[in-house]
Each structure stands twice: as C-alpha cells, then as structure tokens.
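Me: Could you give me a close look at chain B, from its overall build down to single residues? I work at the bench, so please explain the cut-offs as you go.

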Amino acid sequence: MSGSSGTITIKCKDMRVIQFDIPGMEQCLNIAHSIEILSCLDNVCKMYPFFYKPTDSNLPKQWGLSTPETHYSKMKDLHKKWRLSSVNRDYSVCPSYPPAVIVPSSIGDDVLIKAAKFRQGGRFPVLCYYHRKNGMVIVRSSQPLTGANRKRCSEDELLLQAVIEGSDKGYIIDMRSSQQAQQAWMTGGGFESKSCYERWKRLHRHMERGKVLQESLIKLVEACSDESHNMDRWLSKLENSKWLSHVQTALSTAGLLAECVERDGHSALVHGYEGTDCSLLISTLAQLIVDPSCRSLEGFLALLEREWLQGGHPFQQRCAHSAFSHARLQQESPVFLLLLDSVWQLWRQFPLALGFSEVLLLRLATEAYASDYGTFLCNNDQERCAAGVKDRTHCLFQSLLKPTERDYYSNPLYEPTELAIWPSVHPQSLQLWKGFFLRWTEQARLLEEVQEEIRNMVIKWGKLALS
Amino acid sequence: MEHIRLPKVENVKLLDRVSPRRSRVGTLYLTATHSIFVESLAPQRRETWVLHSLVCCVEKQASTESGCPLLIHCKNFQVLHFSVPQESDCLDVFLSLQRLSQPEKYEELYCFSYKPNVPEAQRRQEWAFVDARADYRRMGLPNSQWKLSSVNRHYKVSDTYPADLLVPYSATPPVIVGSSKFRSRGRFPALSYYCKDNHAAICRSSQPLSGFSARCLEDEQMLEAVLRSNPHSDFMYVVDTRPKLNAIANRAAGKGYENEDNYSDIKFQFLGIENIHVMRNSQQKMLEVSELRSPSMSDFLEGLESSGWLKHIKAVLDAGIFIAKAIAEEGVSVLVHCSDGWDRTAQVCSVASVLLDPFYRTLRGLMVLIEKDWISFGHKFSHRCSHLDGDPKEVSPIIDQFLECLWQLMEQFPCAFQYNEKFLITVHNHVYSCQYGNFIGNCQRERIELQVHEKTHSLWSFLWTNRADYINPLYRPDHSQTQGLLRPSTAPYCFKFWRGLYNRFDQGMHPRQSVEDYLRAIQEETQQLEEQLASHKQKITEMAREQSWSTASSDKSLPPWDPGNNLALANTPQDYTSSFLPSSTPKDLDSSTAILPPHDSSLKAETSGSDQESGIADLSCRSPLSEESARDPDSDEAVYSAA
C-alpha cells in the first residue's frame with residue numbers, strides 16, 4: 001500500500017489470482033476486511049447456496065439423482081444375498097452413513113449395531129459395488145477398533161464372513177502400510193488379524209491423506225506459479241510436491257482393487273483409518289475401471305453422489321480453503337481433487353470410454369470448494385438434512401444434467417465399451433493436469449479451443465450422417 | 001552375408017521389458033539386412049523385424065540358468081531383450097550383429113540394396129519431389145536484393161556447403177571468397193530464410209576466425225551487404241548460439257566470435273545452447289530413465305531433471321523464438337552461427353522458420369525445410385547418426401532435438417500443424433534407418449560422389465504417397481492461432497517428456513484409445529457424405545427436370561414434384577442407394593447407418609479392447625496378493641505395486 005491508495009490481492013480457491021488497486025487507504029482496508037470475513041463464514045445456513053435463486057428453475061421436489069433405496073431396488077441381481085437395512089434411519093448407528101445401507105441378507109440389524117461399535121465412527125462394512133459378471137462385491141468401512149489389547153468382535157467377524165459367503169476368500173485392501181496399521185493399536189484402532197478373519201487376505205498399500213496431501217497441493221500450486229523459467233527448478237519442484245506420486249498411488253491401488261474383483265474373482269473390503277477419504281477415492285476409481293455404467297455422464301454423477309455424498313466424505317472440512325490458505329487447517333485435504341485428477345488421467349488414457357468431458361471435472365473441482373448449489377455443503381447426509389440443504393438449496397448434479405447444460409459436459413467422442421479400462425500407471429503415462437493447475441494461463445485456453453474444435457467436428461459429422 | 005556366423009537360432013525368448021510374464025518364445029533369423037524373430041507358439045506367429053542399420057548397440061550379458069541374455073538397443077529407441085539357450089549361439093549372434101550393425105563402407109548401407117518394385121523412371125522422379133531451390137522461389141528469390149551465387153558450384157569455396165546459395169546482391173565473388181577464408185570450413189554467410197513481407201532475412205555461417213584480434217575486410221563487407229539488403233533496418237543481429245564461455249575458449253584456437261566494434265551496426269548476442277557432447281550425454285541419461293523397469297514417479301522426475309534434456313530442448317526453442325521475433329516483430333535481419341554452423345545453427349534456423357512461416361507447418365513444407373536447412377547445408381547426418389562405424393564422439397542427437405522441438409510446439413498448438421506426431425517419428429526412424437538415400441553422407445558433395453540420387457530411393461516421395469497416415473485431423477490453416485508467427489510459451493511446465501518417441505515400443509504406456517484415429521475416421525466420413533450430398537443435389541435437379549417432363553406427359557398418380565420442398569427429404573442417406581420412393585425409408589436408413597464410423601470405431605474399440613484385456617497381464621496382482629506385499633521385494637510384474 002502506498003500513499004492514498006491500496007492494493008488488494010485476492011487468491012481464489014479455483015487458483016485464480018486477482019489484484020485490485022483501490023483509491024483511499026481506508027476504503028481499501030475496509031474492503032479487505034469485509035472480503036476476509038465474508039469468505040470465512042462459519043454458519044452453513046448463511047452460505048450462498050441458501051440465497052441462490054436461478055431464474056429458470058424452482059427448488060426440486062426430489063433432491064439429488066437417486067437415493068440408496070432406489071439404487072438398491074434397481075439392482076435386482078443383488079437381492080438374493082443382500083438387503084437394504086434401515087438400521088441407521090436416525091443416524092444413531094453411524095452419523096456419517098445415509099439412513100439406508102446395503103448389507104448381507106443373513107445379517108440382522110442387531111449384529112450391525114454391535115459391529116458398528118467395533119468400527120471407527122461406526123462405519124461398519126457396507127456394500128458399495130456389486131460386480132454383475134461374477135457376483136463379487138466391493139465393501140468399505142473404517143478401521144476396526146482392536147486397540148492395544150487386541151479386542152475382537154464376533155459380530156464384525158460374522159458380518160465379514162457373510163460378505164464372502166460361498167467364496168473361498170476375500171481381500172482386505174488396507175490403505176496404510178502394515179507398520180502404520182500396527183501403530184494404530186496405540187490409538188485404539190487396528191486391523192483385521194489373520195487369526196480372527198481367517199479367510200480374509202490383507203494387502204497393505206500406503207496412501208497419503210490429510211495434511212500431507214494438502215501440503216502436496218500447496219507445493220504444486222506454488223510450483224505452477226513460479227515464473228523463473230528455470231527447467232531444473234520446475235522439475236524439482238514438481239517432483240518435490242509429490243502430487244503426481246499421489247495420483248500414481250491412487251490409480252495403482254484402485255487398479256489392484258479392481259483386479260481382485262474382476263480378474264481374481266474375489267470380493268474385497270477397503271478401508272484405511274476413518275474410511276471417509278482414501279477408501280472412497282479407491283472404491284470410486286475401481287468402479288470406473290470395471291463398471292461401464294459408471295462411465296456415462298449420469299452414471300458418473302450418480303457414482304459421486306453414492307460414494308462421496310451419501311458415503312459421507314466431509315466436504316465442509318476437507319474443501320474449505322484450497323491451496324492458498326495461510327491458516328494451517330487440520331481438516332483440510334484435497335482428496336476429492338485427487339480423485340478428479342485421477343479420473344482426468346483415466347480420460348487421457350481412454351479418451352473414448354468416458355461419457356463426460358474435462359469441463360465437467362473442472363466444474364466439479366470448482367464447485368467442491370465454492371458453489372451456488374448445496375450439493376457439497378456440510379460433511380454428511382445427517383448434517384445436510386439438519387441444515388435443510390435438501391429443502392432450501394438447488395442440486396448441482398440435477399442442474400448439470402439439464403438438457404441445456406449436458407451437451408457441454410458430455411464427451412463428444414464417447415463410445416461406451418463393456419470392457420474394463422485398465423489405466424497405465426507408469427510415470428511416463430501420467431501427466432500434470434494442466435487444465436486445472438494452469439487453468440488461467442494461455443496454454444489452458446488453447447487446449448480448450450482444441451476441445452471445442454473436436455466437438456465441432458463431431459457435430460458436423462453427426463448432422464451430415466443424420467440428414 | 002559373410003558376416004553372418006549363424007543364420008538361425010531356435011527356442012529364443014523375447015522378453016517384455018515392462019512385464020516379463022508376457023515374454024514370447026520363437027526362432028531368431030539373421031539375414032543380410034534384418035534380424036527377424038518369429039514367434040513359434042502363437043497361432044498368428046507374430047514376427048518382429050529389426051533392421052541392422054537401426055541397431056545402436058548389442059550387449060551380451062552374463063549367462064543365467066534360463067539362458068544367455070542378449071540386449072539389442074536400437075536407434076529408434078526400441079530395446080529388444082532376448083534370451084538365447086546356448087551361450088555359444090548367443091556369442092555368434094552377438095558378433096554377427098555387431099558387425100552387421102556397423103558397416104565400414106557407405107556401399108554396405110541398406111539404401112544401396114533396398115530395391116522396392118518401382119520402375120527406374122519413377123525412382124528418378126522421386127528425387128525431384130522436394131527441391132530446396134523451389135523454396136527460394138516461393139520466398140520470392142532471387143530478387144533485387146538477393147542473388148543466386150554460383151561461387152560454390154564445384155564445392156571449391158566450401159566443400160560442406162551446397163552448390164546453390166543465395167547471397168546479398170552486392171556481394172561480389174572476391175568478397176564471398178574472402179569472407180569464406182575468415183570462417184571455419186569456409187562456411188561464409190548465406191541466406192537460410194527470407195521474409196517477403198518485410199525483407200528481413202535469416203543468414204547462417206560458421207564462426208569467424210577472429211582469434212583475439214584478427215579482422216577481415218571482406219567478412220566485414222559481407223555482413224554489411226547482408227545488413228544493406230534489408231532496406232528498412234539500420235542494424236542486424238549476429239547471433240552466436242553457443243554459451244559465451246565456449247565461444248571465448250574458441251578464441252584461443254584462432255576462432256571465436258564477431259567483435260561489435262569491427263562490424264558496422266551489428267548487435268551481438270549469445271544464445272547458450274550446449275555442444276554436441278553435452279547433448280549426447282544428456283540424451284543418454286534421459287534414455288536410461290525412460291528404460292527403467294518400474295520407476296517411481298520421483299525416480300522418473302529426478303532422473304529427467306538430472307539428464308538436463310528438457311532444459312536443452314527449451315534452450316533450442318528459446319533461441320528459435322529470439323530469431324523469429326527479430327524477423328517478424330522487429331523486421332531485423334539475423335546472422336546465425338555456432339562453431340561450424342551445421343548443428344546448433346541448423347536447429348535454430350529451422351525452428352525459427354517453422355515459427356515464422358506456416359508453410360513449414362505443412363507436410364511438404366517440413367520436407368523442404370529439412371532438405372534445405374539440414375541436408376543441403378551439410379548437417380553431418382552420417383557422423384551424427386553413426387551410419388558407419390566411426391568416431392563415437394561425432395555422434396549426437398541434434399536432429400532428434402529439432403524434431404522434439406516441433407513435437408513440443410504441436411502439443412501447444414494442436415491445430416497449427418498439418419503433420420502429426422507419427423510423421424515426426426517416421427522421419428526420425430528413417431534418418432537413422434539408412435533405408436532411403438536422403439540422409440546418407442555428411443554433405444551435398446559426398447552424396448553426389450556416392451551417386452545417392454542415381455542409386456537409392458527418396459524418403460520424401462514415400463512419405464507423400466502415404467500422406468493420409470501423417471495428416472493431423474485437427475489441422476486448421478485458417479485458425480487465428482495458426483496464421484503467421486507462432487508465439488509459444490517456453491515456461492518450463494510447457495515442456496513434456498516425449499513418450500511417443502522415447503518409449504515408442506512400450507505399448508502399455510500409451511493411451512489405449514486414439515482421439516486422432518477417431519477424428520480421422522469422422523473426417524473421412526464427413527468428406528464422403530459431403531461429396532455424396534453434392535452429387536445428390538445435382539442428381540435431384542436433373543431428375544426434377546426429367547420428372548417435370550414426364551409428369552407433364554403422362555403419370556398423374558405421383559405427387560406433384562417440387563424440388564424446393566423435397567430437398568430436405570432427398571438429402572437423407574437412403575437416397576444414396578435407391579430411388580426416391582418414399583416407402584423405402586426405414587430399411588435403407590439402417591443400411592446406410594451401417595457404414596458410419598461409430599460402427600467402425602466400435603469394432604475398432606473391440607479389437608483394441610482385446611488389447612486392453614491382454615494389457616491386464618501387466619497389472620497382475622499375483623505377488624501383491626501375498627500379505628504384507630508392500631515390502632515384497634520380488635513384486636514381479638506388479639505394476640500397481642509400484643510407488
């Protein structure tokens with residue numbers, strides 16, 4: 001600030017940096033102060049989605065694309081061995097689960113209640129994917145609370161036993177190193193030991209989360225804004241951020257999970273600590289790899305709704321401030337962004353197999369941090385209901401699927417394939433997501449133009465072919 | 001043939017570098033020109049052919065239980081890992097290949113024995129396809145400022161220069177000869193590119209023999225003549241593409257760079273591109289990284305950084321941009337040189353030309369550019385690409401860097417280039433393959449002595465004949481970003497590792513579906529449909545005319561024909577195959593949709609799909625499925641267990 005004018009630099013959550021020169025020192029300070037306060041509202045109900053009134057649509061009758069109930073009722077193959085339990089109808093068994101979850105038919109609600117007490121945050125194993133081809137499933141949960149004195153829980157063992165009923169074994173993908181899993185004993189957590197869960201085979205895959213991931217994002221964004229034009233510095237900063245390593249781990253762990261189910265023909269349980277972050281990331285990616293129905297625009301959004309919104313990813317805590325925040329927030333972590341980046345890598349490797357475009361991924365990356373819509377508000381279903389999100393805000397996913405919007409977000413080259421799409425995880429095959437991290441540069445604009453050109457080619461061809 | 005110690009070895013294993021479980025067993029044959037591996041088990045008996053002249057080095061490793069490993073590294077970055085059952089066989093193959101891949105005489109090169117079934121007259125025609133002189137005419141030369149000089153007609157002034165050169169109109173033969181005596185290898189300043197619109201020119205030469213204080217009046221006059229040939233400019237740039245330190249070191253050897261005080265109105269500039277030895281070592285390091293079996297992301301990025309390769313690519317592109325901007329934006333002529341003026345100078349002049357002139361971004365344009373700036377100006381292809389057994393210190397990937405600069409530009413401007421990545425890779429392949437005569441020898445004089453035009457085939461006409469494979473479906477010559485000067489960013493994040501070239505043969509690493517193929521199919525289909533549409537419109541008008549005659553005469557049962565109203569209906573595809581009978585619609589619609597590309601490409605997707613399936617073998621989780629496998633050291637091909 002100098003003399004009678006001041007400069008405000010606004011660093012946005014979508015990586016944009018804007019600078020204002022404002023005459024009058026006092027005014028400048030006032031504006032800065034106001035922006036600071038308005039950008040950090042605590043009360044969910046004062047956030048913008050509650051005031052957003054698009055002219056072209058009224059509040060929806062049904063919020064979201066689907067409910068656990070309708071999802072279950074559509075999956076007829078599932079009904080023989082799996083049931084819909086409403087044990088969590090008042091969110092008392094697990095506050096971060098939806099009111100209805102899919103569990104083995106042979107397991108009663110009483111068992112679930114007891115098993116939930118043995119899992120962190122009450123997140124007992126529930127079904128998230130059923131593989132039609134061989135009847136195998138992906139189940140996710142949080143860590144078991146074995147603690148230092150190696151507690152057991154027969155209900156939890158029974159529940160997992162029921163998951164692999166009729167099969168010789170199942171895999172547990174634990175997203176911690178075996179060392180970390182053992183250390184979890186000290187804080188009351190732990191893992192499924194061989195002796196108690198005989199027919200389950202544990203595989204440890206260390207995945208970073210929480211603060212480490214957040215710092216990785218901060219470093220990468222910092223590297224991308226380095227203007228030194230020094231190649232060595234760029235490559236070492238890129239390496240040092242470790243972001244691409246996290247992408248690589250995410251895709252390779254998801255590949256492993258998908259292999260267990262599709263190639264090895266066995267069911268799998270995924271968890272790490274809380275089961276609200278990496279578990280969701282890995283199960284989502286694995287479903288994209290093996291399940292063609294998740295790859296259409298609707299399918300993908302429905303998958304996100306099931307796994308991330310109903311599945312209880314704490315968006316409000318994880319996606320509060322993004323990369324530029326000075327405050328070291330304990331809960332901030334870009335897991336969802338890591339998912340979008342990993343999906344973008346899939347799209348690069350299989351440009352015809354996904355029904356949605358990069359624009360959708362970019363839009364979601366923006367909306368998760370700041371939105372007109374209520375979709376990403378709060379931390380779970382329970383909080384959203386309590387805050388009236390479903391009654392008083394608009395739903396992003398529904399709006400993305402509106403006929404006027406959907407063309408923009410769909411992939412013009414989409415050619416659905418029934419096959420699994422196995423991503424390559426070689427370092428040579430993974431790339432920096434320029435569309436997001438260098439979003440406000442000339443380069444990103446040129447690449448957008450190319451996508452537009454591709455769309456035009458397809459439209460022109462489509463018109464001729466139809467005429 | 002006398003070099004083949006063993007024509008055939010059975011039960012040889014060809015190992016897959018990325019996933020050893022996908023290895024194949026078969027028979028290895030050695031022929032005069034190729035090594036051929038024929039798979040024995042698979043029903044299709046897949047064949048792998050390797051041209052001897054593409055072999056860069058052969059490596060025989062210590063024998064193991066399963067056989068004797070033999071590694072063949074190729075100049076196109078293919079790496080073949082064989083395992084031969086008998087050590088003695090392996091040694092024979094090794095020695096044969098070593099000799100076969102390092103011919104001692106030009107006459108042994110493949111291009112002199114490569115005889116496709118082409119009549120002699122047509123073969124001669126091939127060589128007329130690309131002509132550097134025609135490019136000067138395209139630029140509007142010779143004109144009142146520039147003339148075609150015959151001073152080097154018999155390669156007497158500079159034996160590494162071409163016979164035809166463009167020099168300033170005012171440069172007399174004594175000035176040219178005098179100047180050439182003051183330049184390394186006699187490579188005096190001559191024109192490389194001329195900008196018709198503003199008369200600015202890129203000239204090239206070798207370094208002056210200035211030492212610490214030497215001067216040459218004719219050389220000073222020569223530069224002045226270059227400057228004066230651009231009437232709108234009162235100064236010119238003299239660009240030394242070397243790092244300043246290297247140039248200073250050359251002064252001790254009686255060479256060096258221009259002293260600004262001795263030449264009138266020049267601005268002197270160093271551009272800091274490293275020499276051929278640095279580039280050779282850098283590429284070697286980069287290739288080692290690209291060949292790592294299952295590197296972590298950090299291994300890869302650290303290795304890439306320490307190789308320095310992308311830094312060098314950026315230096316070449318930065319230099320090209322400097323020159324292109326001087327020409328296009330300032331309208332100032334530039335003289336470019338390095339030491340001898342055939343490596344860095346060739347790179348920088350040709351990169352600048354591509355940035356300046358959209359013509360060089362077309363298929364034919366790039367051929368002309370390589371013909372002019374590289375082949376005719378004496379880039380020492382045979383030395384740099386080690387066509388013959390020779391001094392390893394002469395080998396350097398200078399042309400690789402140029403092609404990579406183009407690729408990096410294509411990544412930034414996907415609509416600006418008529419050619420695609422495959423074109424660059426094919427050119428790269430044949431620069432090294434010696435299958436065509438274009439790149440044989442080190443200068444024009446040598447090629448004439450070798451009778452290359454009389455005895456071999458030209459790559460350019462082969463590429464042109466197959467141009468459909470090399471056209472970029474996204475090329476938009478009329479696009480705003482495509483016209484005039486390209487303004488690339490050289491921010492470090494704009495440079496990427498060129499997987500398509502350096503890991504070309506590692507199938508598992510590339511995208512499993514190709515946008516380009518899809519778009520090409522659509523484009524072809526669109527074109528066909530447009531043609532059909534046009535011909536049908538014409539037919540309709542004709543038929544309408546006929547019909548108006550016939551209805552007038554007899555048939556009243558047909559509905560009254562109105563070409564205007566029915567045009568839309570007539571435009572539907574069903575009309576292609578049958579008459580205008582309105583009843584035939586549904587069936588024909590089906591048959592006509594059957595020819596559309598989505599159908600094609602879904603077929604394609606299925607075949608590539610089987611590839612996707614087989615690709616899974618890479619990702620097998622055999623070993624990861626053992627408990628605690630994160631620490632499992634022999635995680636065999638667990639690609640997903642990396643990191």
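What follows goes from the whole chain to its domains, then to the nonpolar cores, and ends with a few loop residues.

Reply: Happy to. Please keep in mind that this is a predicted model, in which local features need pLDDT of at least 70 and side-chain atom pairs count only at pLDDT 80 or more, while totals for chains, interfaces and linings use all residues. Residues are numbered from 1 along each chain as its sequence is written, chains are lettered from A and ligands numbered from 1 in the order in which they are written, and side-chain values use heavy atoms, with hydrogens and water left out.

Let's start with the chain as a whole. Chain B contains 23 helices and 14 strands, where helices (H or I, at least four residues) and strands (E, at least two) are DSSP runs numbered from the N terminus. Of its 643 residues, 57% are buried. Here buried stands for under 20% relative accessible area, exposed for over 50%, and partly exposed for values in between, using a 1.4 Å probe and protein chains only. Among the contacts in chain B with a separation of 6 or more, 69% join residues 24 or more positions apart; a contact means heavy atoms within 4.5 Å.

How is chain B divided? There is domain 1, covering 8-102, and domain 2, covering 126-507. These bounds come from an automatic or database domain assignment. The C-alpha centres of the two domains of chain B are 36 Å apart. Across the boundary, 14 residues of domain 1 of chain B are in contact with 24 residues of domain 2 of chain B.

Next comes the nonpolar interior. In soluble globular proteins, nonpolar side chains tend to be buried together. A nonpolar core, as used here, is a set of buried Ala, Val, Leu, Ile, Met, Phe, Trp, Tyr and Cys residues joined through side-chain atoms within 4.5 Å. The largest such core has 229 residues, and A:Leu364 and B:Trp460 are the ones with the most contacts inside it. Helix H9 of chain B (residues 309-330) gives this core its largest share, 12 residues. Both domain 1 (8-102) and domain 2 (126-507) of chain B contribute at least three residues each to this core.

The same core takes us briefly into chain A, through A:Leu364. Neighbours within four places in sequence set aside, A:Leu364 is in contact with A:Phe300, A:Leu304, A:Phe336, A:Leu340, A:Phe376, A:Leu396, A:Phe397 and A:Leu400. Back in chain B, B:Leu6, B:Leu70, B:Ile72 and B:Leu97 are among the members of a second, separate core of 23 residues.

Now for the loops. Is B:Thr456 buried or exposed? B:Thr456 counts as buried because its relative accessible area is 0%. The residue sits in the loop between helix H16 (452-455) and helix H17 (459-465) of chain B. Not counting residues up to four places away in sequence, B:Thr456 touches B:Cys111, B:Phe112, B:Arg123, B:Trp127 and B:Gly437.

Another buried loop residue is B:Cys434, with a relative accessible area of 1%. B:Cys434 is found in the loop between helix H14 (421-433) and helix H15 (444-449) of chain B. Its backbone is worth a look too: phi of B:Cys434 is near 65 degrees, a positive value in a residue other than glycine. Most residues other than glycine have a negative phi, and most peptide bonds are trans.

The peptide bond from B:Leu141 to B:Pro142, by contrast, is cis, and its omega is near -5 degrees. On the chain, B:Pro142 falls in the loop between helix H3 (132-138) and strand E8 (146-149) of chain B.

For a loop residue at the surface, turn to B:Ala62. B:Ala62 lies between strand E5 (55-60) and strand E6 (68-74) of chain B, in the loop there. B:Ala62 counts as exposed because its relative accessibility is 62%. B:Ala62 and B:Glu302 are 240 residues apart along the chain, and their C-alpha atoms are separated by 30 Å.

To retrace the route in the viewer, start at the boundary between domain 1 and domain 2 of chain B, follow helix H9 of chain B into the largest core, and finish by setting buried B:Thr456 beside exposed B:Ala62.
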